[in-house]
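The following paragraphs explain selected features of the model displayed here, beginning with a surface site and proceeding to the strands and the interior.

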Amino acid sequence: MDRFVVGQKVVLERTFSLEEVIAYAKITGDANPLHVDEEYAKNSRFGGNIVHGMFVMGVVSKILGTILPGNGTIYLGQDVRFKRPVYVDKKVFIEVEIAEIENDRYIYLNTKVLDEEKNCLVEGSAKVLYEG
């Protein structure tokens, strides 16, 4: 497993559009108006549409399965804490960093989502089995 080291990190920049959020709602059936109804969301405590938490975490899954560690990764678990909302049409930075490597097969990673001001919106940790 020479190609992976503790501290290795990937950061993806992402902006979720309302159209994407509505498509995600249709696929999952989660049509909570905080996500899909602009008028409802505008008058909520959030003041605007927010992205489904699991939609955001889907990008973490994309990083794990295609970038770090990449092809051959099996997602074993994820601990996640949603600290602040991810807003529609606002740029975020999704970070995945290797925290520990066990027996050249199990990789533990820290996961974060930050806004442009570097506020932590979502944080957690993942465990994967790498067979690539």
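Glu38 belongs to helix H3, which spans residues 38-42; helices (H or I, at least four residues) and strands (E, at least two) are DSSP runs, numbered from the N terminus. The model is a predicted one, in which local features need pLDDT of at least 70 and side-chain atom pairs count only at pLDDT 80 or more, while totals for chains, interfaces and linings use all residues. Residues are numbered from 1 along each chain as its sequence is written, and side-chain values use heavy atoms, with hydrogens and water left out.

With a relative accessible area of 52%, Glu38 is exposed, where exposed means over 50%, buried under 20%, and partly exposed in between (1.4 Å probe, protein chains only). Glu38 also joins Glu19, Asp37 and Asp89 in a surface patch of negative charge. Such patches consist of residues with over 30% relative accessible area and no salt bridge, like charges being joined within 9 Å; a salt bridge is a side-chain nitrogen of Lys or Arg within 4 Å of a carboxyl oxygen of Asp or Glu.

Strand S3 (residues 91-102) pairs in the antiparallel sense with S1 (residues 9-15) over seven bridges, pairing requiring that DSSP find at least two bridges between two strands. Within S3, Val92 is the bridge partner of Arg14. S3 also pairs in the antiparallel sense with S4 (residues 106-115), over ten bridges, and Ile98 stands opposite Leu109 in S4. Three residues separate S3 and S4 in a hairpin, and Asn103 in the turn has a positive phi of about 55°.

Ile63, in helix H4 (residues 53-66), is buried, with a relative accessible area of 0%. The C-alpha atoms of Ile63 and Ile94 are 9.0 Å apart, with the two residues 31 residues apart along the chain.

Methods: Patch = residues over 30% accessible without salt bridge, like charges linked within 9 Å, V, L, I, M, F, W, Y side chains within 5 Å. Areas by Shrake-Rupley, 256 points an atom, 1.4 Å probe, with all protein chains shown as cover. Lys, Arg positive; Asp, Glu negative; His and termini not counted. Charge placed at Lys NZ, Arg CZ, Asp CG, Glu CD.
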